[in-house]
Each structure stands twice: as structure tokens, then as C-alpha cells.
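Trainee: Could you take me slowly through one part of this model, the place where the two domains of the second chain meet, and then set that part in its surroundings?

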Amino acid sequence: MDSSELRLTLKKMIVEECDKDMEPTDIQDNEQLIGGRLDLDSLDALQISMWVQKYYGIRIENGPAARSALRSVDSLATLIHKELTAKSAEADPA
Amino acid sequence: MAPTLKILATGSYSQAVIEEQGLPELKELVKESTSANVRRVTRFVQLALVGAGRCSRNRSLPANTAVYLSSCRGDAEVTATLLDDLIRRRELPSPVTFVNSVSNAACFHVASALGLHERSNFITNRFDPLAAALKTAWIDFQCGEVETALVGSVDACSLPMRDHRVRVEVTEQTTVGEASHWLLLTGAADPRPGVAHVTALENFASLERLREWLSERNFRKDSVLAPGQHFTVCDAEELCAGTGMQTFDYRASLPHYDSQTGAAIEAFLEEREERAMLHINSDPAGRYSVILIERS
């Protein structure tokens, strides 16, 4: 999955999981997720974290790591890409 | 002490559900009824919001209005989803599913959408949920702890209809539906004009005790007897015999859902001319619940 595809998947997920009345493409890549125009809250943050764990097997830890990962679609995509790359390297060290 | 609760307003939603057409969309109705942008809620919560919102008629309710929401089965859909996640799929439920599975979630959303900060209670009762909620509210009024209250009942459908029919114990021939019925109540001393009063909320352990109570009250032809869904029209006609009271079969045009007591109250106020309505329901153990509504 390329970077723009991943970002679109995440935007669709946010609209679906957080029950937002908007088009996924209305969310900007670098837009603040929690408390910004989107007005997502801590329950939305949990909902997004659980989805990421379920579909990518990536656990977003509480605290500063979660705040950083959930800052925007960009930051979330970066974390997922990094973790998937690391997993892939572990699975195939050669 | 006989209760006297003033009904300031009623509000409701009821709709038959046809499986091939899917469940009616409620999101827009929620917006229209409450002016609130509510998200992450279940169908049960949406129904509660539509009914309560219509009852408040977009007027600003006092923040100290209490909420008493009753139901026969509660939010069966979210409970099924939660159990499906935990048991069948062996997964953690989503946070939203978990939060909505708390029985009082619908009360929270009603209070939040209407700007209320008083107590809220979720009451389940197998045979007459609204009567149980009214009685609970009455106790709080009597203790002086509540001044205004929204009291309602909600029954939601869930698909597949086959499973829903098993839950509500009806055959394929029965038209099923869902509903949300609400009353805005205040104490008798409140100077605001009301549409009616609740002047009796009684429970009887036998038909004999109910008959005694009826004979003491001396109901006449200015009253109607509305049989609840577990009390047959035949039983009602027998009780009416010799009193001059008519039976009021408000249920003939309703689809099947669990708590139709609110529909009786609203239909009486809108369609009938009599002074009072006696709503009587029963349960398989032979107990009876009575609500007396008298026009203001």
C-alpha cells in the first residue's frame, strides 16, 4: 500500500469509526485530529487506536506516544509505515 | 398519598418496520428533534433522542429536569454486538460498543442533548416499563428531590428480523415496530399549564384487589379503560360492565413493540373526549398495574 493509499484508508476509517458526517477527503493530511476542527475526543482516540491494533497489529501506547501518533493522519500513517517496515525487516532479515 | 403529576407535554415516535425496506433512518429525525449533532450512538439511543426531543418540542427545559428512561429489553442490539465480539469472535469490543452497552447510556445522551444535569435512571420491566418508570419518578417527586422530569419508554428493532421476532416472542404474521414515548412531568403545584394529570399509580397482587379499588373509585361513563398489551380487551370489557366506562382499544393500529403504555396516553389525549383514562396492564403472575390519567 503506498503512502497516499494508506492516508485515504485512515481517513475513511476515521469517518467510519468516529461516526463523522463528512467525506474522508475533507480531512487534510496534516490536520489536527483531537480537539481541532474535527473535534475528536478521547473516545475517538481509543476507537482509532483499537482499529490500528486490529488491522495492522500495531499497539499505540498511552501517553506521549499516543499523542504524537494521533496528532494527524500524517503522523498516524508515518507510525504505521515505520512499524510495518520494522516488522517486515524482522520477518525477513536477509 | 395519591400521586398527582402534571403532564406538561407528550412526544413520541413509532413506526412499523418492514424487513425488506431496512430500518428507517433516524439520524435526520434526531437532528430535527433535538438540534443536537449526536454521533457514535446506537439505534436505541437515537429513538430515545427523537422521542425526548419531540416531547421537549425544542423548548429549553430547566437544567434540573430528571430523566427516567424505561424499556422492556433495553438496547438488545448493542448487547448482541458486545457478546458477539467477546464470545463468538473472541475479540475486545470497540470502545464505542462498550460505552453504549452501559444501560444508562441512552439517559446520558438525552440529558446531554437537552442540556440537563439532574439525575437519570434507566428502568427495565418486563410487562409495563413506563408504569415502573412513572412510579420511580413519583417517589422522587414525593421526596421533593425532583421538580421536573422526562419519563419515557423505548423499544428498538434490530435486524435480522427473524432474531428480533424470537426476542419479542411474535410470529412472522405479526407486524413489528419500534417506538419511543415520552412525558414531560412536573408537580401539581407548578403554575405552568398542563395537558393532563397522572392521579393514580397503583399495583395490585390480584384481580380481586383491583376490583375492590375500582369499586371504591366509582368510575363512570366519563372515563375509558385502556387495556395494556398483557390485559385483554375481553378482561377490560368485563371490568367495565355495569360502570358505563367504555374500553379504549388504542392498540388496534399499532405495530407490535414491548411498551405501548405511552401510546395509550398520547392517543387518549389526542383522540378521545372523555375526562379520564384508566390504563390497566397485567403480568403472567396475576399482578396488575394501573395508571389513571385525568384531563386538566
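Mentor: Let me begin with the other chain, as a background to the part you asked about. In this predicted model, the secondary structure of chain A comes to 4 helices and 0 strands, so that from the N terminus on its elements run α-α-α-α. The radius of gyration of chain A is 13 Å, close to the 12 Å that the globule rule gives for 94 residues, and chain A is therefore as compact as a globular protein of that length. Its C-alpha trace spans about 45 × 25 × 20 Å along the principal axes, and buried residues make up 27% of the 94 residues. If one takes the contacts in chain A between residues at least 6 apart in sequence, 51% of them join residues at least 24 apart.

Chain A meets chain B through 6 residues on each side, and the side that chain B contributes consists of 3 nonpolar, 1 polar and 2 charged residues.

Now to the part itself. Chain B is divided into domain 1, residues 5–187, and domain 2, residues 196–295, and the C-alpha centres of these two domains of chain B lie 24 Å apart. Where they touch, 33 residues of domain 1 of chain B are in contact with 22 residues of domain 2 of chain B. On the domain 1 side, at least two residues each are supplied by β1 (5–16), β2 (65–71), α6 (129–142), β4 (148–155) and β5 (177–187) of chain B, with the largest share, 7 residues, coming from β1(B). Sorted by class, that side of domain 1 of chain B has 16 nonpolar, 11 polar and 6 charged residues.

The nonpolar interior can be read alongside this. The largest nonpolar core has 81 residues, and those with the most contacts inside it are B:Ala48, B:Ala106, B:Val110, B:Leu134, B:Ala137, B:Val151 and B:Leu225; this core draws at least three residues from each of the two domains of chain B, domain 1 (5–187) and domain 2 (196–295). To look closely at one of these residues, B:Ala48 is in contact, once its neighbours within four places in sequence are left aside, with B:Leu69, B:Ala106, B:His109, B:Val110, B:Gly152, B:Val154 and B:Ser180. A second core, separate from this one, has 19 residues, among them A:Leu10, A:Leu38, A:Met50 and A:Leu76.

Technical notes:
Residues numbered from 1 in each chain as written. Chains lettered and ligands numbered in written order. Predicted model: local features only at pLDDT ≥ 70, side-chain atom pairs only at ≥ 80, totals over all residues. Contact = placed C-beta atoms within 7 Å. Nonpolar A, V, L, I, M, F, W, Y, C, P; charged D, E, K, R; others polar. Domains from an automatic or database assignment. Rg over C-alpha atoms; globule rule 2.2 N^0.38 Å. Buried ≥ 20, exposed ≤ 12 C-beta atoms within 10 Å, placed from the backbone. Core = buried A, V, L, I, M, F, W, Y, C linked by C-beta atoms within 7 Å.
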